Amino acid sequence: MGKKLVMAQKRGETRALCLGVAMVACAVITYYILGTTVLPLYQKSVWTQESMCHLIETNIRDQEELEGKRVPQYPCLWVNVSSVGRWAVLYHTEDTRDRNQQCSYIPGSLDNYQTARADVEEVRAKFHQRQVFHCFSTTRENETSVLYQRLYGPQTLLFSLFWPTFLLTGGLLVIVMVKINQSLSILAAQK
């Protein structure tokens with residue numbers, strides 16, 4: 001009976017050690033992936049200066065003229081603000097600026113034109129309700145654009161690092177608890 005208990009205990013310890021090592025390995029792999037994807041985006045972000053923006057005007061653009069003909073496109077919102085003592089164009093995020101520099105806000109769903117238009121009008125109404133709001137600008141002198149929301153800010157970086165840190169800590173705790181259990185059982189066997 002005693003030998004079966006010791007064998008079952010060893011199997012359980014081995015499985016727990018494997019679990020702890022697997023958790024630590026997954027955390028290390030996740031840190032590597034985050035270090036090569038999210039961290040460079042955070043470091044390259046130039047939108048670090050937080051300031052107050054005052055709304056100047058909003059305009060919904062949903063048609064463009066090409067060669068004298070009106071071509072329907074997705075509706076987008078154009079927002080002009082005054083920030084840090086100068087006129088600027090407000091963009092929702094860094095990606096909005098990269099996708100289309102003529103739009104401050106691009107609706108999420110572009111499949112249904114009416115839904116997209118309603119989304120843009122709702123965002124426009126929110127801007128008119130709040131005439132003054134926080135925005136992010138760059139320290140460059142000649143930059144005439146600001147961001148409403150940073151995609152790659154410190155909160156994103158901390159949130160991305162939370163779960164791998166939790167996994168690493170849990171894995172190390174499992175390993176330490178197994179090693180403490182092994183040392184205590186050796187001490188108990190010696191007495």
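The paragraphs below go through the predicted model from its overall fold to its pocket, its cavity and its salt bridges.

The chain contains four helices and five strands, and, read from the N terminus on, these elements follow one another in the order α-β-β-β-α-α-β-β-α. Of the 191 residues in the chain, 30% are buried, while the accessible surface comes to about 12,800 Å², with carbon and sulfur atoms accounting for 60% of that area. Among the contacts whose separation is 6 or more, 71% join residues that stand 24 or more positions apart.

With this outline in place, the open spaces can be considered. The largest pocket has a volume of about 190 Å³, and its lining is made up of Leu41, Lys44, Ser45, Val46, Trp47, Glu94, Asp95, Arg97, Asp98, Arg140 and Tyr152. Helix 1 (2–44) and helix 2 (94–99) each supply at least two residues of this lining, and helix 2 gives the most, with four residues. In terms of residue class, the lining of the largest pocket divides into six charged, four nonpolar and one polar.

The enclosed space is described by one cavity of 30 Å³ or more, and the largest cavity has a volume of about 40 Å³. The residues that line the largest cavity are Leu90, Tyr91, His92, Ser104, Tyr105, Val123, Phe127 and Tyr148, and the elements giving two or more residues to this lining are strand 3 (86–91) and helix 3 (113–129). The lining of the largest cavity has six nonpolar and two polar residues, and no charged ones.

Helix 3 is also where the charged pairs are to be found. Side chains of opposite charge can pair when their charged atoms come close, and a search of the whole structure finds two salt bridges. In one of them Arg117 is joined to Glu121, with the closest N and O atoms 2.9 Å apart; both residues lie in helix 3, four residues apart, which corresponds to about one turn of the helix. Arg117 is partly exposed, at a relative accessible area of 23%, and Glu121 is likewise counted as partly exposed, at 39% relative accessibility.

In the other salt bridge Glu122 is paired with Lys126, the closest N and O atoms being 3.6 Å apart. Because Glu122 and Lys126 are four residues apart in helix 3, about one helical turn separates them. Glu122 counts as partly exposed at 45% relative accessibility, and Lys126, with a relative accessible area of 48%, is partly exposed as well.

How values were computed: Residues are numbered from 1 along each chain as its sequence is written. This is a predicted model: local features need pLDDT of at least 70, side-chain atom pairs count only at pLDDT 80 or more; totals for chains, interfaces and linings use all residues. Side-chain values use heavy atoms; hydrogens and water are left out. Buried means under 20% relative accessible area, exposed over 50%, partly exposed in between (1.4 Å probe, protein chains only). Contact means heavy atoms within 4.5 Å. Accessible areas come from the Shrake-Rupley method with a 1.4 Å probe; for residues, only the protein chains shown count as cover. On a 1 Å grid over the protein atoms alone, a cavity is a set of points where a 1.4 Å probe fits but cannot get out, and a pocket is an open set with protein on both sides within 12 Å along at least five of seven lines; lining residues have an atom within 4 Å of a point. Grid points are joined across faces, edges and corners, and a volume is the space filled by probe spheres set on the points. Ala, Val, Leu, Ile, Met, Phe, Trp, Tyr, Cys and Pro count as nonpolar, Asp, Glu, Lys and Arg as charged, and the others, Gly among them, as polar. A salt bridge is a side-chain nitrogen of Lys or Arg within 4 Å of a carboxyl oxygen of Asp or Glu.
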